[in-house]
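This report describes one protein chain, going from its overall build to a few individual residues. The sequence and the structure are shown first.

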Amino acid sequence: MTTAMKKVAMVTGAASAMGDALDTHLISKGSWYVACLDLQRGPGEALAKSLAPDAHFWEANVADYDSQARMFQEVFSRWGRIDALLANAGIVDRSSLYILDHRGSNVIPPAPNLACIHVDYKGVVYGKQLAIHFMRKNPTPGGNIVATATVINFCRGIAPVLKLKDNITVNTVLPGIVPTRIIPQAMLAAVAPDYLTPISTIVMAYDRFLSNDNFETGLAIERSVDKLYTIPQTEYINGRASARACQVWEPLFKIMHSENSRLEDAIP
Ligand SMILES: NC(=O)c1ccc[n+]([C@@H]2O[C@H](COP(=O)([O-])OP(=O)(O)OC[C@H]3O[C@@H](n4cnc5c(N)ncnc54)[C@H](O)[C@@H]3O)[C@@H](O)[C@H]2O)c1
C-alpha cells in the first residue's frame, strides 16, 4: 500500500447519472482519485476506464455490509486513504406505501418491499460506519461524508397523502437525551442535568400527535429538555422552480399507487 498524495473519494452509485457526473467532476479537478462503486459492472468499468488512471471501478452492493466493507478495504489498500464518501447510490421505492389496492380486503397484506430502505437508508448507514473506520486511519485523520438520508423527510413526504386519503397523521419525534436504559450510564453521568430531556416531555410530544385536534401531520418535533420545537420546513431556495420539483406528478403517482393522489398541489 502506498499513500496517495491526491485525496481519495468513494462515489456510490457511480456508474450512472449523478454518480457519473460526480466522478467526472472530481477527476477533472486533478486532485482526486475516485473509487467508483456500483452494481452495474459494464457501465461502471467503462466509465472508470474513460477516467483512468485516477479512477477505478469496484462492483459492490451498498445494501450489503460485507460487500461495501470489502470495497472500502480494497480502496484503502490501493490508495492508503479515504477522504470522502459520496453516498449517492439509491433506488426508488418499488411498492405502494398506501396499499390502496388492498382496501376492503380481509387478507393480511403482503410484507412491504423494503428494497429502497435497504439501499437508500441502510446503504448510507453502512457506508457511514465504514467511512468513519477508514477515515480515522487517514494520514491526517478525518474526511467528509455527504449523503441524504432522513426519516424526517420520509415522514414529511408520505404525510399529505395519508392525511387526505386515510385520515392518518405522520409525524416525527426527535429525542433529546432521555435518561433511559439504552443510554449508557457513563454517558448520562457526563451530561449536565439541565440538558436531559425527561420522559414527560416525550409523552407530551406523543400526546400532541395522538390528539387529532389540530390534525397536524408531516411535522418533526425536536424535544429538548422540557420544550417542544417544531423543526421548520426550510423554504425552497429557488422558490417555485424548486417547489415544482417536489410536487406529486399524478400520472406517476397513479402508476405506483393505482389511483390519483388528489393532493391539491399535485400536477395533473
Ligand atoms: N434523480 C432524481 O430526480 C433524484 C431525486 C431524488 C433523489 N435522487 C437520488 O439521487 C441518487 C442518484 O440518483 P440518479 O438520479 O443518479 O439515479 P440512477 O439510477 O441513475 O443512479 C443510481 C445508481 O445507483 C446504483 N445502485 C442502485 N442500487 C445500488 C446498490 N444496492 N449498490 C450499489 N449501487 C447501486 C445504480 O446501479 C445506479 O448506477 C440516488 O440515491 C437517488 O435516490 C435522485
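## Domains and their interface

Domain bounds here come from an automatic or database domain assignment. For the protein chain, that assignment gives domain 1 (7–149) and domain 2 (152–233). The model is predicted. The C-alpha centres of domain 1 and domain 2 are 30 Å apart.

Contact between the two domains involves 4 residues of domain 1 and 7 residues of domain 2. The size of an interface is often given as the accessible area lost when the parts come together. Between domain 1 and domain 2 the buried area is about 450 Å², and carbon and sulfur atoms give 71% of it. On the side of domain 1 that touches domain 2, the residues divide into 3 nonpolar, no polar and 1 charged. The rule finds 0 salt bridges across the interface of domain 1 and domain 2. For residue pairs in polar contact across this interface, with both at pLDDT 80 or more, the count is also 0.

## Overall build

The protein chain contains 9 helices and 8 strands. Its C-alpha trace spans about 65 × 55 × 40 Å along the principal axes. Of the 268 residues in the protein chain, 36% are buried.

Taking contacts in the protein chain between residues at least 6 apart in sequence, 60% join residues at least 24 apart.

## Backbone geometry

Most residues other than glycine have a negative phi, and most peptide bonds are trans. A cis peptide bond joins A52 and P53, with omega about 10 degrees. P53 lies in the loop between α2 (41–51) and β3 (55–59).

Positive phi values occur at A17, with about 45 degrees, and at R262, with about 65 degrees; neither A17 nor R262 is a glycine. A17 is in helix α1 (residues 17–29), whereas R262 is in the segment after α9. A17 has a relative accessible area of 58%, so it counts as exposed. R262 is exposed as well, because its relative accessibility is 52% and the cut-off for exposed is over 50%.

## The segment after α9

I267 is placed in the segment after α9 (250–257). The relative accessible area of I267 is 15%, under the 20% limit, and therefore I267 counts as buried.

Leaving out residues up to four places away in sequence, I267 touches R244, Q247, V248, W249, E250 and P251. I267 and K6 are 261 residues apart in sequence, and their C-alpha atoms are 46 Å apart in space.

Technical notes. Residues numbered from 1 in each chain as written. Predicted model: local features only at pLDDT ≥ 70, side-chain atom pairs only at ≥ 80, totals over all residues. Heavy atoms only, no water. Contact = heavy atoms within 4.5 Å. Buried area = accessible area lost by both parts, 1.4 Å probe. Salt bridge = Lys/Arg side-chain N within 4 Å of Asp/Glu carboxyl O. Polar contact = N/O pair within 3.5 Å; in protein donor to acceptor, adjacent residues only side chain to side chain. Nonpolar A, V, L, I, M, F, W, Y, C, P; charged D, E, K, R; others polar. Helix = DSSP H or I, 4+ residues; strand = E, 2+ residues; numbered from the N terminus. Buried < 20%, exposed > 50% of the residue type's maximum accessible area, 1.4 Å probe, protein only.
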